[in-house]
Amino acid sequence: MVVVMTTVAEPTVETGGVLSPQYRALTIGMVALITLVAFESLAVATAMPTVAQALDGLNLYALAFGGPLASGVVAMVVSGTWSDLKGPTRPLWHGTAWFLAGLLIAGLAPSMEILVAGRIIQGFGSGLLTVALYVVVGQLYPARLRPRIFAAFATGWVVPSLVGPAIAGLIVEHSSWRLVFLAVPAIAIPAALVMRPGLARGSASDVRPGKLWDKRALWAVAAAVGVGLLHYGGQQRGVVQNVLLVIGLAGVIAFGPRLLPSGTFAFGRGLPSVIALRGLVAASGFGAEVFLPLMLTRERGLSPALAGLVLTVSALSWSAASWYRGRPNQRFSHAVFLQVGMLAILVGIVTAALTLNPDVPVLVGILGWSLTGLGMGTVFPTLSVLVLEYSERDEQGANSSALQLSDSLSTATILAIGGSLFAAMEPHSAVLAYLVAFGLPAFLALLGVPAGRRTATA
């Protein structure tokens with residue numbers, strides 16, 4: 001393969017931290033972008049019922065969520081290839097631009113159709129920039145600082161879960177739902193501009209020939225259609241639901257594995273198990289989380305606010321665990337932390353599910369779910385560090401893409417399957433429906449315990 005060589009920007013070996021002068025602006029800008037992407041995801045979920053009613057578009061409600069998920073799958077693959085061929089700067093800037101353009105289109109939309117188009121553009125931008133940010137970390141931060149920056153990324157996802165829904169609710173109630181979309185660019189643009197000096201250090205990199213829209217991009221489009229159908233079909237009923245779920249699941253199963261490293265589903269040692277475990281941790285944690293507030297409100301009589309408090313507690317424990325994983329000179333290996341983290345998720349899901357029994361205090365479920373937060377906060381940043389550790393420089397984009405694709409594809413699949421089984425069983429036996437809803441994620445967490453050991457190469 002012919003490689004056109006230019007100046008290669010290697011991560012500095014200076015002794016400063018992620019907020020030292022050479023990294024401060026870049027770190028702040030990247031964490032701000034991650035936080036805004038996370039906030040927008042949660043805020044839109046809060047505002048969308050009002051949006052759909054205001055634009056008379058309830059028939060497109062599901063597509064407003066499934067569309068950006070699907071476009072994000074395509075964008076992750078494109079961003080990974082683009083980053084490996086040309087460096088991460090271009091996909092990062094393009095992703096930011098697409099993300100902001102989608103927000104503006106959605107915020108100014110005169111109809112639900114236009115809003116959905118904006119959401120799809122927004123999802124494409126999110127997929128581009130999140131993968132590119134991982135590659136920026138790999139190319140511009142030394143290995144010793146990567147745990148800290150990924151811990152900061154994790155916090156950037158957690159903090160919006162504490163305040164995002166409340167802020168969005170206040171905006172919708174006291175102002176206009178359009179501000180949920182239009183306010184973010186006012187913060188995102190300065191955050192992006194702050195990164196420019198830091199990104200300039202890595203703007204020159206190996207330039208490799210290759211096609212941006214290759215066969216992997218086509219597979220990604222097919223998998224994205226499957227993800228979209230899974231999400232949309234999961235919110236339908238009857239024959240339409242079953243047909244869409246079958247077609248969507250077939251698309252994900254047929255094309256999703258082609259986007260992941262060989263050996264992923266066999267838990268091959270090293271990188272394949274890292275990618276597989278990312279799917280397991282996302283599917284188990286988020287697959288159970290969607291049913292917990294429902295169970296606490298319907299079966300235990302908690303108010304929505306108190307049920308939401310359970311998720312707040314787990315978000316705080318997630319943030320604490322991520323902070324700890326970012327500290328230097330840790331005693332145990334990555335594999336040990338991953339196994340302990342997956343075990344904590346398993347115990348947390350099982351303990352939370354016990355509150356289905358009215359004799360078990362709700363406090364037990366709250367404490368149990370905080371264990372799940374600890375496990376998620378331990379596993380997520382650890383996997384992010386490992387994917388770069390196991391990647392050559394010209395593979396960081398593809399492997400970072402695979403890591404996030406494993407997350408998206410697994411979560412979409414488990415939510416579609418779990419939601420469908422729950423809907424089918426709940427009218428006949430609520431207890432059985434909840435046991436299945438929590439049992440499936442718990443099984444995936446159980447699979448993740450031995451998988452954590454196989455992330456070690458020896």
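Which backbone nitrogen does the side chain of S406 reach at 3.1 Å? The first legend gives the partner, and the others visit further parts of the chain. This is a predicted model, in which local features need pLDDT of at least 70 and side-chain atom pairs count only at pLDDT 80 or more, while totals for chains, interfaces and linings use all residues. Residues are numbered from 1 along each chain as its sequence is written, and side-chain values use heavy atoms, with hydrogens and water left out.

**View 1. S406 and its surroundings in helix α15.** The side chain of S406 reaches the backbone nitrogen of G279 at 3.1 Å, a polar contact (a pair of N or O atoms within 3.5 Å; within protein, one must be able to donate a hydrogen and the other to accept it, and residues adjacent in sequence count only if both atoms are side-chain atoms). S406 sits in α15, residues 396-425; helices are DSSP runs of H or I with at least four residues, numbered from the N terminus. S406 counts as buried because its relative accessible area is 5%, where buried means under 20%, exposed over 50% and partly exposed in between (1.4 Å probe, protein chains only). Beyond its neighbours within four places in sequence, S406 contacts L260, I275, A276, R278 and G279; contact means heavy atoms within 4.5 Å.

**View 2. W98 on helix α3.** W98 belongs to α3, residues 89-107, and is partly exposed because its relative accessibility is 38%. Setting aside neighbours within four places in sequence, W98 touches I121, Q122, F124, G125 and L128. The C-alpha atoms of W98 and I121 lie 6.1 Å apart, although 23 residues separate them in sequence.

**View 3. Helix α3 and its packing partners.** Among the buried residues of α3 are L92, F99, L100 and L103. The buried residues of α3 pack against α1 (24-54), α2 (63-86), α4, α6 (178-194) and α7 (196-200).

**View 4. Helix α4 from end to end.** In α4, residues 112-140, the end C-alpha atoms are 41 Å apart, which agrees with the 42 Å that its 29 residues should span; the expected span is 1.5 Å times one less than the number of residues. Of those 29 residues, 24 are buried.

**View 5. A nonpolar surface patch.** L343, V347, L371 and L374 together offer about 280 Å² of accessible area, computed by the Shrake-Rupley method with a 1.4 Å probe, counting only the protein chains shown as cover for residues. Patch members have over 30% relative accessible area and no salt bridge (a side-chain nitrogen of Lys or Arg within 4 Å of a carboxyl oxygen of Asp or Glu); nonpolar side chains (Val, Leu, Ile, Met, Phe, Trp, Tyr) are joined within 5 Å, like charges within 9 Å. Helices α13 (334-354) and α14 (362-389) each supply at least two residues of the patch.
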